[in-house]
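Here are a few exercises to try with the model open beside you. Work through each task before reading its solution.

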Amino acid sequence: MRRPEFLAVAGTRRKHVAPGLILQVRRHDDRQRPAEGGPLIRFGLTASRKVGNAVVRNRARRRLREAARQILTVHAAPGHDFVLVARGGTAERPWTDLLGDLTAGLKRLGLWREAEG
């Protein structure tokens with residue numbers, strides 16, 4: 001995702017705040033949607049300097065990327081853009097709790113779907 005797309009997602013103010021992450025979401029519309037034949041969901045990651053030094057921010061982003069791969073690709077409703085924002089405890093949060101934070105966010109925002117198959 002590019003910066004204007006991140007800002008568009010943040011501009012909807014639809015989010016879930018959890019101890020391990022902040023999940024922001026935006027439905028695709030005519031102005032910003034993936035190219036024809038593109039992915040049904042898109043996600044981006046961000047970690048500000050408040051999270052920690054470069055090593056900590058990179059670790060937080062790697063953990064969020066893997067959580068998104070495991071949860072969003074399987075359970076997120078299609079037709080949305082997601083932004084996962086790292087928080088101070090993202091890098092140290094137990095893995096199952098981090099996955100639980102993302103799952104709870106999808107369910108609270110009404111975008112959870114059961115895995116097919």
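**Exercise 1.** Find which residue of β4 stands opposite L45, and work out how β3 and β4 run.

*Solution.* Start from L45: its opposite number in β4 is L84. Next, look at the two strands as a whole. In this predicted model, β3 and β4 run parallel and are joined by six bridges. Finally, bring in the helix: β3, α2 and β4 together form a β-α-β unit, and its hand is left.

**Exercise 2.** Turn to the pairing of β2 and β4, and determine its sense and the number of bridges.

*Solution.* The sense is antiparallel, and the pairing extends over seven bridges. For one concrete pair, take R26, whose bridge partner in β4 is D81.

**Exercise 3.** Decide how many residues of β4 are buried, and what this says about the strand.

*Solution.* Go through the strand one face at a time. On one side sit H80, F82, L84 and A86, and on the other D81, V83 and V85; all of them are buried, so both faces of β4 are covered. The count is therefore seven of seven, and β4 is largely enclosed by the rest of the structure.

**Exercise 4.** Take D81 and establish whether it is buried or exposed, then find the side chain with which its own side chain makes a polar contact.

*Solution.* First place the residue: D81 belongs to strand β4. Its relative accessibility is 0%, and because the cut-off for buried is under 20%, D81 counts as buried. Then check its side chain, which is joined to that of R42 by a polar contact of 2.8 Å.

**Exercise 5.** Classify Q24 as buried or exposed, and list what it touches beyond four places in sequence.

*Solution.* Q24 lies in strand β2, residues 21-27. With a relative accessible area of 15%, Q24 is buried. Leaving out residues up to four places away, its contacts are V9, A10, R14, K15, D81, F82, V83 and V85.

**Exercise 6.** Describe the largest nonpolar core: how many residues does it have, and which have the most contacts inside it?

*Solution.* The core has 25 residues, and those with the most contacts inside it are L23, L72, F82, L84, L102 and L106. Now sort by element: β2, β3 (41-46), α2 (54-75), β4 (80-86) and α3 (95-108) each give two or more residues. The largest share, six residues, comes from α2.

Note on methods:
Residues are numbered from 1 along each chain as its sequence is written. This is a predicted model: local features need pLDDT of at least 70, side-chain atom pairs count only at pLDDT 80 or more; totals for chains, interfaces and linings use all residues. Side-chain values use heavy atoms; hydrogens and water are left out. Helices (H or I, at least four residues) and strands (E, at least two) are DSSP runs, numbered from the N terminus. Buried means under 20% relative accessible area, exposed over 50%, partly exposed in between (1.4 Å probe, protein chains only). Contact means heavy atoms within 4.5 Å. A nonpolar core is a set of buried Ala, Val, Leu, Ile, Met, Phe, Trp, Tyr and Cys residues joined through side-chain atoms within 4.5 Å. Two strands pair if DSSP finds at least two bridges between them. A crossover is right-handed if, with the strands pointing away from the viewer, the path from the first strand over the helix to the second runs clockwise. A polar contact is a pair of N or O atoms within 3.5 Å; within protein, one must be able to donate a hydrogen and the other to accept it, and residues adjacent in sequence count only if both atoms are side-chain atoms.
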